[in-house]
Amino acid sequence: MTGVAIAGAAESDLGVTGRSILGLQAQAVTRALADAGLTLADVDGVATTGVSRFSATQLADYLGLRPSWTDSTFAGGSAFEMYVARAVQAIEAGQCSTVVVSFASNQRSARSRSLGGVVETHTPEAQFETPYGPLYPISYYAMAAQRYLHRYGGTREQLAEVAVAAREWALLNPAAYRYGAGPLTAGDVLAAPVVSTPLTSADCCLVTDGGGAIVLTSLERARDLRRPPVRVLGYGERTTNTSMTAVDDLTVTGAVEAGRDAFARAGLTPADVDVAEVYDSFTITVVLTLEALGFCGRGEALDWIAGGRIRPGGDFPLDTSGGGLSYCHPGQYGVLLLVEAVRQLRGECGERQVPGAEVALAHGTGGILSTHATVLLGVDR
């Protein structure tokens, strides 16, 4: 366990906002600080990405800060779980005392996201991949899904359960983009337009504006602030592949090692987790991650999640906000996994609250199953 806690957490406006990236960032940061009972004057550490070429510098300047520590590591959706680890290390080393981890995007309002994604023709793998016109990153996750279903004999209906469960949670979350949209069925998922075989649009995360922030400080200090502190118990990360050209097995990810390290540092096991917030860029991402983190065995996830296990009222509460599939996905979703985990441990989630939650897991995935980071959080006992 560490001597660092999350003292504040908040979202920016979500959905279709018409706001700038820095405007949404400022919302998230100031709301999270207010949640903790702090102000910008208390902040001496900043971690963010996705703003500009020098993201932490840009945000610090915009907010009028002169931080003694920053991080703007760009690792996709797992960056924010990585930031938690680095913030803990910096606070424990005395380099800073109060760190804000934040992200925001206006990708839907700005129409800045394309189906084809980013194609970097100068990279070594491009000569092998670009001629086939893959959609980045959807086609790569689709290949992983195709391989998984072929190897383990699962069905598309079983895979659709991830999206169906996410919608059930979103229907309990007034902030969710799909709140009020009505239930989703496996048939709806399969009948949605195919984007990249075997994935349909309902297997894919939303494209929305939005963002969030968390505030970290020492546990001792957090105990004197406005909200009950949420302790950082452990963390782990792995960076594996930049492309899929040379990946030996598309069904095995770096989440295996990231999760193993996080559990070891926390002195916990998967059985100790009361609520899990797992990156759900695509339905297959969740399946691979659950197996990698040790919640079930290899090839077992589709059977394991059946029968409502990951839906509200099930015995494994998963992506309780509605996830990237039905709540919000601003391009990099990892910080919102942490926001929801904190709220669950503080008992603030209303209809979707997991009773008695004391240990939460947040796991981010970035790139094309390229970067993986796990954080374990717990109530202060």
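## A tour of aromatic pairs, helix H14 and the cysteines

Start by selecting Tyr-148, which counts as buried because its relative accessibility is 1%, under the 20% cut-off. The model you have open is predicted.

Keep Tyr-148 on screen and add Tyr-152. Both residues sit in helix H6, which covers residues 138–152. They are 4 residues apart, about one turn of the helix. Is Tyr-152 buried or partly exposed? With a relative accessible area of 27%, Tyr-152 is partly exposed.

Next, select Tyr-327 and Tyr-333. These two rings make an edge-to-face aromatic pair, with 6.3 Å from centre to centre and 65° between the planes. Tyr-327 has 4% relative accessibility and so counts as buried. Tyr-333 counts as buried too, at 1%.

How many aromatic pairs does the count come to? The count comes to 9 aromatic pairs. Tyr-148 and Tyr-152, from the start of the tour, form a tilted one: their ring centres are 4.9 Å apart and their planes meet at 55°. For an aromatic cluster, select Phe-80, Tyr-83 and Phe-103, which form one together.

Now move to helix H14 by selecting residues 334–345. Place the cursor on the first C-alpha and then the last: the 12 residues of H14 reach 17 Å between these atoms, close to the 16 Å expected at 1.5 Å a residue. Colour the helix by accessibility. Since 12 of the 12 residues of H14 are buried, the helix is largely enclosed by the rest of the structure. The buried residues include Leu-336, Leu-337 and Leu-338. Glu-340 and Arg-343 are also among them, as is Gln-344.

Step just past the end of H14 and select Gly-347. Here the backbone takes a positive phi of about 70°.

Finish with the cysteines. A disulfide is a covalent bond between the sulfur atoms of two cysteines. How many disulfides does the structure hold? It holds 0 disulfides. Select Cys-349, which is in no disulfide. Its nearest cysteine sulfur belongs to Cys-328 and lies 15 Å away, whereas a disulfide needs the two sulfur atoms within 2.5 Å. Cys-349 is buried, its relative accessible area being 4%. The last stop is Cys-296, also buried, with a relative accessible area of 9%.

Technical notes:
Residues are numbered from 1 along each chain as its sequence is written. This is a predicted model: local features need pLDDT of at least 70, side-chain atom pairs count only at pLDDT 80 or more; totals for chains, interfaces and linings use all residues. Side-chain values use heavy atoms; hydrogens and water are left out. Helices (H or I, at least four residues) and strands (E, at least two) are DSSP runs, numbered from the N terminus. The expected span of a helix is 1.5 Å times one less than its number of residues. Buried means under 20% relative accessible area, exposed over 50%, partly exposed in between (1.4 Å probe, protein chains only). Rings of Phe, Tyr and Trp (its six-membered ring) pair if their centres lie within 6.5 Å; planes under 30 degrees apart count as stacked, over 60 as edge-to-face and the rest as tilted.
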